[in-house]
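Here are my notes on the model you sent over. Have the structure open while you read, since I go through it by topic.

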Amino acid sequence: MAVWVFGGRLGLRGHLGACRLLCPRFQSRSSQGEEDGNRVQSSSKTPKIPKIYTKTGDKGFSSTFTGERRPKDDQVFEALGTTDELSSAIGFAMEVITEKGHTFAEELEKIQCTLQDVGSALATPRSSAREAHLRGLSAPDSSEHTAFKEGPIMELEQWIDKYSSQLPPLTAFILPSGGKSSSALHFCRAVCRRAERRVVPLVQMGETDANVAKFLNRLSDYLFTVARYAAMKEGSQEKIYKKRDV
């Protein structure tokens with residue numbers, strides 16, 4: 001059974017174990033052998049290398065973590081795909097930011113990891129989820145569930161306050177600008193807003209945790225703030241909106 005996973009086939013829930021439970025073909029099989037001097041004599045069984053393609057989605061359907069088959073343009077996959085796009089955009093921005101020596105690159109990497117958890121929540125629609133799906137797969141015997149909690153939201157708010165206190169107050173609308181780092185972060189902010197728009201209907205239908213939408217809402221504010229911060233630290237001028245005379 002092929003399963004859609006956020007951030008790659010082994011990325012669902014951020015745990016390889018989750019995919020191993022779902023997809024036995026992804027389980028690693030290390031070969032048994034004995035060392036003979038500098039040589040390693042392999043056993044007769046050759047390790048099976050998993051293929052990246054499964055062909056099970058060729059007809060336009062894919063599987064959620066719960067095993068439910070849905071069309072690939074389903075709202076769940078729209079939200080998952082846009083969240084994946086957001087993580088990719090942040091990854092690109094990080095390459096630019098790291099070159100400039102910005103210390104908040106570590107925060108962005110942490111955010112990418114949190115987006116894996118967002119994908120986990122989205123890929124487990126409540127309408128088809130059972131208790132076993134909601135239970136943390138990294139610790140199957142634990143009673144702790146994988147509900148998206150408020151901790152990451154509060155952390156974003158702390159980061160926003162930290163950078164906002166160092167920025168000059170906004171006196172006008174600014175355009176996405178301020179150098180390469182700032183512009184890349186503004187692009188991430190725009191993708192984040194789109195991801196939030198894809199998630200909100202799922203929250204309203206009761207398919208995913210409301211904290212997922214709250215996190216994305218706060219994340220767009222964070223990206224806006226660090227975009228301005230990057231422009232300030234690099235000494236780049238932000239462009240101001242000016243009403244055109246027609």
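The points below run from the overall fold to the cysteines, one helix and the salt bridges.

1. First, a reminder that this is a predicted model. So every distance and angle here is computed from predicted coordinates.

2. The overall layout: the protein has 7 helices and 4 strands. Reading from the N terminus, the order is α-β-β-β-β-α-α-α-α-α-α. In other words, one helix comes before the strands, and the other helices follow them.

3. On packing, 40% of the 246 residues are buried. Take the contacts between residues at least 6 apart in sequence: 71% of them join residues at least 24 apart. The accessible surface comes to about 14300 Å², and carbon and sulfur atoms account for 51% of that.

4. How many disulfides are there? The count is 0. C192 is in no disulfide, and its nearest cysteine sulfur, on C188, sits 8.9 Å away. The cut-off for a disulfide is 2.5 Å between sulfur atoms, so C192 and C188 do not qualify at 8.9 Å. If you care about which cysteines are accessible, C192 is buried at 0% relative accessibility, whereas C113 is partly exposed at 49%.

5. Helix 2 is worth a look from end to end. This helix covers residues 75-100, which is 26 residues. From first C-alpha to last it reaches 38 Å, close to the 38 Å expected at 1.5 Å a residue. At its start, a side-chain oxygen of D74 comes to within 2.9 Å of the backbone nitrogen of V76. Just after the helix, G101 has a positive phi of about 80°.

6. Now the charged pairs. Side chains of opposite charge can pair when their charged atoms come close. The structure holds 11 salt bridges, and I pick out a few below.

7. K162 and E107 form one of these salt bridges, at 3.0 Å from N to O. Which parts of the chain does the pair link? K162 is in helix 5 (residues 151-164) and E107 is in helix 3 (residues 105-122), so distant parts of the chain, 55 residues apart, are linked. Check the two ends separately, though: K162 is partly exposed at 36% relative accessibility, while E107 is buried at 8%.

8. D221 and R193 also meet in a salt bridge, with an N to O distance of 3.6 Å. D221 belongs to helix 7 (residues 210-234) and R193 to helix 6 (residues 180-204), so this pair ties together parts 28 residues apart in sequence. Are these two side chains buried or partly exposed? D221 is partly exposed, with a relative accessible area of 30%, and R193 is partly exposed too, at 29%.

9. R228 forms a salt bridge with E238, and the closest N and O atoms are 3.4 Å apart. R228 lies in helix 7 and E238 in the segment after helix 7, so the bridge ties together parts that are 10 residues apart in sequence. Both residues, R228 and E238, are buried.

10. Last, a group rather than a pair: E68, R70, D74 and E207 are linked in a network of salt bridges. You have met D74 already, since its side-chain oxygen is the one that reaches toward V76 at the start of helix 2.

Terms used. Residues numbered from 1 in each chain as written. Predicted model: local features only at pLDDT ≥ 70, side-chain atom pairs only at ≥ 80, totals over all residues. Heavy atoms only, no water. Helix = DSSP H or I, 4+ residues; strand = E, 2+ residues; numbered from the N terminus. Buried < 20%, exposed > 50% of the residue type's maximum accessible area, 1.4 Å probe, protein only. Contact = heavy atoms within 4.5 Å. Areas by Shrake-Rupley, 256 points an atom, 1.4 Å probe, with all protein chains shown as cover. Expected span 1.5 Å × (residues − 1). Polar contact = N/O pair within 3.5 Å; in protein donor to acceptor, adjacent residues only side chain to side chain. Salt bridge = Lys/Arg side-chain N within 4 Å of Asp/Glu carboxyl O.
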